[in-house]
Amino acid sequence: MEFRAAHLFALDTITKLDNHQRVAYTAVTRAKTSLALYHEGSVPGYIERGLVALEGAPSEAPSLGELFGGASK
């Protein structure tokens with residue numbers, strides 16, 4: 001299943017336990033359009049590295065032309 005938006009709460013409580021990592025992975029990979037991450041403290045290193053890698057990602061949604069090969073915006 002995929003969802004247009006996914007929310008992952010208490011991100012700072014995710015530990016290195018396999019079950020916690022699986023829940024985080026499932027939440028992240030099921031988000032189609034937006035992913036909201038909520039935390040109060042520090043987040044696990046593997047999630048932080050993923051977020052840093054996304055900083056260079058475009059923040060503006062692509063136009064229909066860009067998505068389907070047309071030149072128009």
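In this predicted model, the largest nonpolar core is made up of seven residues, namely Leu-8, Leu-11, Ile-14, Ala-24, Ala-27, Val-43 and Ile-47. One of these residues, Ala-24, is in contact with Leu-8, Ile-14, Tyr-46 and Ile-47 once its neighbours within four places in sequence are left aside. Among these partners, Leu-8, Ile-14 and Ile-47 are themselves listed as members of the core.

The chain that surrounds this core contains three helices and two strands, and these elements follow one another from the N terminus in the order β-α-β-α-α. Of its 73 residues, 16% count as buried, while the area exposed by the chain amounts to about 6,000 Å², of which carbon and sulfur atoms supply 58%. When contacts with a separation of 6 or more are considered, 66% of them join residues that lie 24 or more positions apart.

Confidence in the model was examined for the chain as a whole and by element. The mean pLDDT of the chain is 77, with 78% of the residues reaching 70 or more. Strand E1, which spans residues 3–8, has the highest confidence, with a mean of 84, whereas the lowest is found in helix H3, residues 64–68, where the mean is 73.

The search for paired aromatic rings returned a count of one pair. This pair is formed by Phe-9 and Tyr-38, whose ring centres are 4.7 Å apart and whose planes meet at 10°, so that the arrangement is classed as stacked, the cut-off for this class being an angle under 30 degrees. Because Phe-9 is placed in the loop between E1 and helix H1 (18–30), and Tyr-38 in the loop between strand E2 (31–37) and helix H2 (45–54), the pair ties together parts of the chain that are 29 residues apart in sequence. The two partners fall into separate accessibility classes: Phe-9 is exposed, at a relative accessible area of 58%, and Tyr-38 counts as partly exposed, at 35%.

A further local feature concerns the backbone of Ala-10, a residue of the loop between E1 and H1. The phi angle of Ala-10 is near 55°, which is a positive value in a residue other than glycine. With a relative accessible area of 35%, Ala-10 is partly exposed. The loop between E1 and H1 thus holds both Ala-10 and the aromatic residue Phe-9.

Terms used:
Residues numbered from 1 in each chain as written. Predicted model: local features only at pLDDT ≥ 70, side-chain atom pairs only at ≥ 80, totals over all residues. Heavy atoms only, no water. Core = buried A, V, L, I, M, F, W, Y, C linked by side-chain atoms within 4.5 Å. Buried < 20%, exposed > 50% of the residue type's maximum accessible area, 1.4 Å probe, protein only. Contact = heavy atoms within 4.5 Å. Helix = DSSP H or I, 4+ residues; strand = E, 2+ residues; numbered from the N terminus. Areas by Shrake-Rupley, 256 points an atom, 1.4 Å probe, with all protein chains shown as cover. pLDDT = per-residue confidence, 0-100. Phe/Tyr/Trp six-rings, centres within 6.5 Å; stacked < 30°, edge-to-face > 60°.
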